[in-house]
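Hello,

Here is the structure you asked about, followed by notes on what was found in it. Please read them with the model open.

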Amino acid sequence: MPLLLLDLDNTLLDRAGPFRRWGERFLDGIGAPPTDIDWLISIDADGLTDRWDLADAIRDRYELRIPSIDLVEELHDGVVAQTRLDPLTACALRIADDAGWVPVVVCNGTVRVEDAKIRRTGLDQYVADWVISEEAGVSKPNPRIFALAAQRVRMPLRGAWVVGDSPEADIGGAAAVGLPSVWLHRGRTWSDVRFAPSRTVDGLIAAVATVLER
């Protein structure tokens, strides 16, 4: 029973869509022009921008009197509230489980936000466990977080596959620990010369199918 080590945001759960929906509602609420959603998405950098920095950027642009901490809370809770589990993703995880694979989430982020996404969407019903970087004290691409995921379910790393959309965190992490990987390209072209994914696909369903074929 090999491990299937899966990223969370934009792999198991769409993040781009929920962030856009939250952003459009937020901008409408403060009276900002709808076209500013492009600026907000850009400054968010697919979730890579620190939430405090993003909050400060929003406050400065719109001269808001909202305390930064309240805006950070809004960023966290608003996106979580918009997040849904795709039924096809749930189906793919069930198929992987039936085929003998053990799905485990390995993600970077805060426990409060990532744990809420996993539980509120019902994703917890389809995975064996999850490891979040804040709780683990180590982040992808550090190999230790993958080892911790294996320890969490008392299984060896040997034979595992890593699936994710981040070239550095997921595919780089897989390369660092010596595991094969599947990259969800999301319309991007691979450009890193240091390492490369074992397979490249357009989504989670195709990723699971690729792993099962192996």
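Which residue forms a salt bridge with Asp129? Arg152 does, and the closest N and O atoms of the pair are 3.7 Å apart. Bear in mind here and below that this is a predicted model. Arg152 lies in helix 8 (residues 143-152) and Asp129 in strand 3 (residues 129-132), so this salt bridge ties together parts that are 23 residues apart in sequence. The two ends differ in exposure class: Arg152 counts as partly exposed, at 36% relative accessibility, while Asp129 counts as buried, at 19%. The value for Asp129 falls in the buried class because that class covers anything under 20% relative accessible area. There is also a network, in which salt bridges that share partners join Asp7, Lys140 and Asp170.

Other salt bridges

The count of salt bridges comes to 16. One of them pairs Arg15 with Asp44, with 2.9 Å between the closest N and O atoms. Arg15 is in the loop between strand 1 (3-6) and helix 1 (16-29), and Asp44 is in helix 2 (residues 37-44), so the parts tied together are 29 residues apart in sequence. Arg15 and Asp44 are both buried.

A further salt bridge, between Lys117 and Glu114, has its closest N and O atoms 3.8 Å apart. Lys117 and Glu114 are both in helix 6 and three residues apart, so about one helical turn separates them. Both residues are buried.

Domains and their interface

The protein chain is divided into domain 1 (3-14 + 85-213) and domain 2 (15-82). Their centres, taken over C-alpha atoms, are separated by 26 Å. To the contact, domain 1 contributes 10 residues and domain 2 contributes 10 residues.

The size of an interface is often given as the accessible area lost when the parts come together. Here the area buried between domain 1 and domain 2 is about 880 Å², and carbon and sulfur atoms give 46% of it. On the domain 1 side, the residues that lose the most area to domain 2 are Asp14, Arg112 and Val113, which together account for 51% of what that side buries.

Three salt bridges are found across the interface of domain 1 and domain 2. Nine residue pairs are in polar contact across it, both residues of each pair being at pLDDT 80 or more. By class, the side of domain 1 that touches domain 2 has six charged residues, three nonpolar and one polar.

Arg112 and Asp115

Where does Arg112 lie? Arg112 is in helix 6 (residues 111-120). Its side chain meets that of Glu73 in a salt bridge, at 2.7 Å from N to O. With a relative accessible area of 40%, Arg112 is partly exposed. Not counting residues up to four places away in sequence, Arg112 touches Glu73, His76, Asp77 and Glu134. Glu134 is 22 residues from Arg112 along the chain, and 9.4 Å separate the C-alpha atoms of the two.

Asp115 is also found in helix 6. Is Asp115 buried or exposed? Asp115 counts as buried, at 18% relative accessibility. The side chains of Asp115 and Arg119 are joined by a polar contact of 2.8 Å. Neighbours within four places in sequence left aside, Asp115 is in contact with Thr110, Trp130 and Ile132.

Thr83

The last residue to look at is Thr83, in the loop between helix 4 (68-82) and helix 5 (87-98). Thr83 has a relative accessible area of 5% and is buried. What does the side chain of Thr83 reach at 2.8 Å? It is the backbone oxygen of Val79. Leaving out residues up to four places away in sequence, Thr83 touches Leu13, Asp14, Pro18 and Thr121. Of these, Asp14 was named above as one of the residues of domain 1 that lose the most area to domain 2.

Regards

Technical notes: Residues numbered from 1 in each chain as written. Predicted model: local features only at pLDDT ≥ 70, side-chain atom pairs only at ≥ 80, totals over all residues. Heavy atoms only, no water. Helix = DSSP H or I, 4+ residues; strand = E, 2+ residues; numbered from the N terminus. Buried < 20%, exposed > 50% of the residue type's maximum accessible area, 1.4 Å probe, protein only. Polar contact = N/O pair within 3.5 Å; in protein donor to acceptor, adjacent residues only side chain to side chain. Contact = heavy atoms within 4.5 Å. Domains from an automatic or database assignment. Buried area = accessible area lost by both parts, 1.4 Å probe. Salt bridge = Lys/Arg side-chain N within 4 Å of Asp/Glu carboxyl O. Nonpolar A, V, L, I, M, F, W, Y, C, P; charged D, E, K, R; others polar.
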